[in-house]
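Subject: Structure handover

Hi,

I hope your week is going well. Here is the structure I promised to pass on to you, and my notes follow beneath it.

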Amino acid sequence: MTKKTPQTEPIVIKKYANRRLYNTDTSSYVTLDDLCTMVKDGAEFIVYDAKSGEDLTRQILTQIIFEQESQAQGEHLLPINFLRSIIGFYDNSLKGFVPHYLESTMKTFTGNQDKMNEMLGLGTMGSFGQVAAQLEEIGKQNMEMFTKAFTMFTPFTDGAKKK
């Protein structure tokens, strides 16, 4: 796989009616596993329907997640309650806010990932209790960020209560 730098254009993947995926960068057919590897390697790609030109990237990434969850043996990445919450937000008035919050939270988590790997891998934390305390602190920071972002909507909810 060709690893792309952030300055280059995303790799174009074409999805054909026969459900085959074609990597225009390497002029070869690829599988969902290949695309999963590309994501893990940091390669940016966009998936288009070969006939209509419709952007299918979101659906393909979701399909990759589904495949990864199906292959997980014992340790699934996405807890059931999280999945239920996501489904519940599709009809929620905060629907437009959720993607930005999730993206921001994931950036924060990713930023802390190196620190957590260092603490867990090198044993610099000393004990599981200390690691749990660090995880709890990260969770509190995420909740504070959510609360601050949610206060943007407070004027709307206050106005509704006064009526």
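Let me begin with the contacts: among those between residues at least 6 apart in sequence, 47% join residues at least 24 apart. Please keep in mind that this is a predicted model. The chain has 163 residues, of which 18% count as buried.

On to the layout. The chain holds six helices and four strands, and from the N terminus on the order of the elements is β-β-β-α-β-α-α-α-α-α.

Strand 1 (residues 11-15) is a good place to start, as two pairings involve it. With strand 4 (residues 45-49) strand 1 runs parallel, and five bridges join the two. With strand 2 (residues 21-23) strand 1 runs antiparallel, through three bridges. Lysine 15 appears in both pairings: its bridge partner in strand 4 is aspartate 49, while in strand 2 the partner is leucine 21. The hairpin of strand 1 and strand 2 has five residues between the strands, and arginine 19 there takes a positive phi near 70 degrees.

Next, helix 2. Does its length add up, you may ask, or what span should its 15 residues have? At 1.5 Å a residue they should span 21 Å, and the end C-alpha atoms of helix 2 are 21 Å apart, so the two values agree. The buried residues of helix 2 are Thr57, Ile60, Ile64 and Glu69, and they pack against strand 1, strand 2, helix 1 and strand 4.

Finally, the part I suspect you will open up right away: the pockets. The largest pocket has a volume of about 2,700 Å³. It is lined by 45 residues, and those closest to its centre are Ile65, Leu78, Phe82, Leu102 and Met106. The elements giving two or more residues to this lining are helix 1 (32-40), helix 2 (57-71), helix 3 (80-89), helix 4 (98-122) and helix 5 (128-150). Helix 4 gives the most, with eleven residues. Sorted by class, the lining of the largest pocket comprises 26 nonpolar, eleven polar and eight charged residues.

Helix 2 therefore turns up twice in these notes: its buried residues pack against strand 1, strand 2, helix 1 and strand 4, and helix 2 is also among the elements that line the largest pocket.

Happy to talk it through whenever suits you.

Best wishes

Key
Residues numbered from 1 in each chain as written. Predicted model: local features only at pLDDT ≥ 70, side-chain atom pairs only at ≥ 80, totals over all residues. Heavy atoms only, no water. 1 Å grid on protein atoms, 1.4 Å probe; cavity = no way out; pocket = protein on both sides within 12 Å on 5 of 7 lines; lining within 4 Å. Points joined across faces, edges and corners; volume = space filled by probe spheres on them. Nonpolar A, V, L, I, M, F, W, Y, C, P; charged D, E, K, R; others polar. Pairing = 2+ DSSP bridges. Expected span 1.5 Å × (residues − 1). Buried < 20%, exposed > 50% of the residue type's maximum accessible area, 1.4 Å probe, protein only. Contact = heavy atoms within 4.5 Å.
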